[in-house]
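Open your viewer and keep the selection box at hand. We will go stop by stop.

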Amino acid sequence: MKDELDRLKYPRMPWHDVHCALWGPPCRDVARHFVQRWNYAKRNKAPNEQAIPLLLPQHHMVIPHYMGKNKEIESGENSDYGNHKDVRRNDSFSSLSSFQDVPLLIPQEADGPDAVKIEPKLNGFNPLHDLHGQTSRLSRNPFFFGKSKIEPLIPDMPMRGFVDDHDTLDLQSEMSHMKQTGLEVSEKEWWEIQERGDQVVSADEIGQVGPRVSCCCQIIRSVSQWSAGTSQNEESIHSAYCSLIDRAEHYVYIENQFFISGLSGDEIIQNRVLEAIYRRIMRAHNEKKCFRVIIVIPLLPGFQGGVDDSGAASVRAIMHWQYRTICRGHNSILHNLYNLIGPKMHDFISFYGLRTYGRLYDGGPVASSQVYVHSKIMIIDDRTTLIGSANINDRSLLGSRDSEIGLLIEDREFVHSSIGGKSWKAGKFAMSLRLSLWSEHIGLHAGEVNQIRDPVIDSTYKDIWMATAKTNTTIYQDVFSCIPNDLIHTRVSLRQCMSFWREKTGHTTTDLGIAPNKLESYKDGDITGTDPMERLKSVKGHLVSFPLDFMCKEDLRPVFNESEYYASPQVFH
């Protein structure tokens, strides 16, 4: 592959992302989601393309959700840590689904809306025979419940809590049906198959991702008729965000590629993550309790072109909608909080980005670039984690637009910790993820992690987290005069700044900060020069403050001579 860019001038932008590995029953929901979307796309985009097959799920992917039950089920079970009534299983995988969703998982040619039979042949493959040509157990009984012959290498962890009462109701009905037909299978054996199946996990696989932690997990999605063929929009990711924030007791930590949301009454932006944050902060203020919301997003949208380039209208449009959400105008959260609680709002909520530096090549100039935040995570109270593909904007959260998938993780194993100076049972997974991320962001070594174990007390939030971001921001500004920064309020001042630094450093790359060979400073009336790398040694980690005042006197929306002007604003949010 040929690189079209000169990497001596245009280095690759560093990225920050978060992924997780998953074992257990939720994996089947991921597989269901994949099969559903694949089969829907196949039928709509390539119905006659023999090289693209329909997928036939295994029987345990269909039972018990698609056994034809359509009873009314009350949602909202109690649990020890969290009661998420708003995250209902009324999507296309639940027992509330209509039969018109079934063909997306079972690839048959339906004779009518209620047809659920399996067509024996799919592109020449007979699903009723195994690979050796012998009749499989599926042909003798559509749903085989025998014990798996393959035992996992790793002992099963307790699975109670993975399966909700909806499936228990279905199970009892199904067990009754099996007894009537003469198929005797114990309830324990059935769940053992459902929860373990034929899964075999090697020690090598575990070594690649680290130790596993037993958690309660739920797959959540954004899908609709156009993206997955479902009979109704599903926005369970949106519901999870709002529900978890509302139930947060001490803190909300968010990393996301975008942050575009609306308050109640906003007629343009429809997702209400911002409203949930606003209400939770006001509740903490009224109750005079400590509560923190920490949000980490990219310093600039990751689109082609510099902020002032003629072809960068998309960059500016995204900036407009994000600043509209954060701090500009009556729809922004900081504007509304300031009107009610004044400067104390910074005790509750703050915004950050990530930045790094290095030499472009051996002996080359010292450059700085943002670390592009591509992760989409939320951690609540060191107990609950949300990881997925969804951005915080209408495109990802409404369900009717982009399709997304996410994982809601509730810890079941706890360790003694502290929050707000008081004893707290923290989840192993959530707390270890937060400590790992924060240590990376603020440059702590393994032996220093205990300094940030309590995420909300002033010695962590103000003296370490906020102070590190402020110090790093100041150093980067002194060395590079980075873009974006809070000193540039207009496009005119931006052009003047860029012109000055181009002339001073002799480097024309607009999206990089380039340090001069020597930093000039005045001491006793004399000008002295110091190596910029000496100044940069004081930078810790990558955390910097988000520039809330950057381009604050400009209307960043597309104008009539830009093609983006004629696109729907929904494209950008």
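## First stop: two hairpins

Select strands β6 and β7. They form a hairpin with 6 residues between them. In the turn, click G363: its phi is positive, about 80 degrees. Keep in mind that this is a predicted model.

Now look along the two strands. β6 covers residues 349-359, and 5 bridges join it to β7 in the antiparallel sense. Click R359, then V366 in β7: they stand opposite each other.

Stay on β7, residues 366-370. Are its residues mostly buried or exposed? Mostly buried: 5 of its 5 residues are covered in this way. Turn the strand to see both faces. V366, S368 and Q370 sit on one side, A367 and S369 on the other, and all are buried.

β7 has another antiparallel partner to find. Select β14, residues 513-514, which 2 bridges join to β7. Within β14, G513 is the bridge partner of S368.

Next, select β9 and β10 for another hairpin. Here 3 residues lie between the strands. One residue to click is D381, which takes a positive phi near 55 degrees. The strands run antiparallel, with 4 bridges joining β9 to β10, residues 384-388. Pick out I379 and its bridge partner in β10, T385.

Which way do the residues of β9 point? I377 and I379 go one way, M378 and I380 go the other, and all are buried.

Add β4 to the view, residues 251-255. β4 pairs with β9 over 4 bridges, again antiparallel. Click V252: its bridge partner in β9 is I380.

## Second stop: a loop residue

Select N331. It sits in the loop between α10 (313-326) and α11 (333-341). Is N331 buried or exposed? N331 is buried, because its relative accessible area is 17%, and the cut-off for buried is under 20%.

Show the side chain of H330 too. A polar contact of 3.4 Å joins it to the side chain of N331. Then show what else N331 touches. Leaving out residues up to four places away in sequence, the list is L263, D266, L274, R324, T325 and N336.

## Third stop: salt bridges

The structure holds 18 salt bridges. We will visit some of them.

Start in helix α1, residues 26-45. D29 and R32 both lie there, 3 residues apart, which is about one turn of the helix. Their side chains meet in a salt bridge of 2.4 Å, N to O. R32 counts as buried, because its relative accessibility is 5%.

Now jump to R292 and D458. Their side chains also meet in a salt bridge, at 2.7 Å from N to O. This pair links distant parts of the chain: R292 is in strand β5 (residues 292-296) and D458 is in helix α14 (residues 458-480), 166 residues apart. Color the two by accessibility. R292 is buried, with a relative accessible area of 4%. D458 is partly exposed, with 40%.

Move on to R557 and D555. The salt bridge between their side chains spans 2.9 Å, N to O. How exposed is each partner? R557 is partly exposed at 45% relative accessible area. D555 counts as partly exposed too, at 49% relative accessibility.

End this stop with a group. Select D308, R491 and R495, which are linked in a network of salt bridges.

## Fourth stop: a surface patch

Turn on the surface. Select V559, F560, Y565 and Y566. They form a nonpolar patch there, with about 490 Å² of accessible area together. Y566 lies in the segment after β17 (543-545). Y566 counts as exposed, because its relative accessibility is 63% and the cut-off for exposed is over 50%.

## Last stop: the whole chain

Zoom out and switch to cartoon. The protein chain has 16 helices and 17 strands. How many of its 573 residues count as buried, as a percentage? The share is 48%.

Show the whole surface once more. The accessible surface comes to about 28700 Å², and carbon and sulfur atoms account for 51% of it.

Finally, think about contacts along the chain. Take the contacts with a separation of 6 or more: 72% of them are between residues 24 or more positions apart. For one long-range pair, go back to R292 and D458, 166 residues apart.

Technical notes
Residues are numbered from 1 along each chain as its sequence is written. This is a predicted model: local features need pLDDT of at least 70, side-chain atom pairs count only at pLDDT 80 or more; totals for chains, interfaces and linings use all residues. Side-chain values use heavy atoms; hydrogens and water are left out. Buried means under 20% relative accessible area, exposed over 50%, partly exposed in between (1.4 Å probe, protein chains only). Two strands pair if DSSP finds at least two bridges between them. Contact means heavy atoms within 4.5 Å. Accessible areas come from the Shrake-Rupley method with a 1.4 Å probe; for residues, only the protein chains shown count as cover. A polar contact is a pair of N or O atoms within 3.5 Å; within protein, one must be able to donate a hydrogen and the other to accept it, and residues adjacent in sequence count only if both atoms are side-chain atoms. Patches are made of residues with over 30% relative accessible area and no salt bridge: like charges are joined within 9 Å, nonpolar side chains (Val, Leu, Ile, Met, Phe, Trp, Tyr) within 5 Å. A salt bridge is a side-chain nitrogen of Lys or Arg within 4 Å of a carboxyl oxygen of Asp or Glu.
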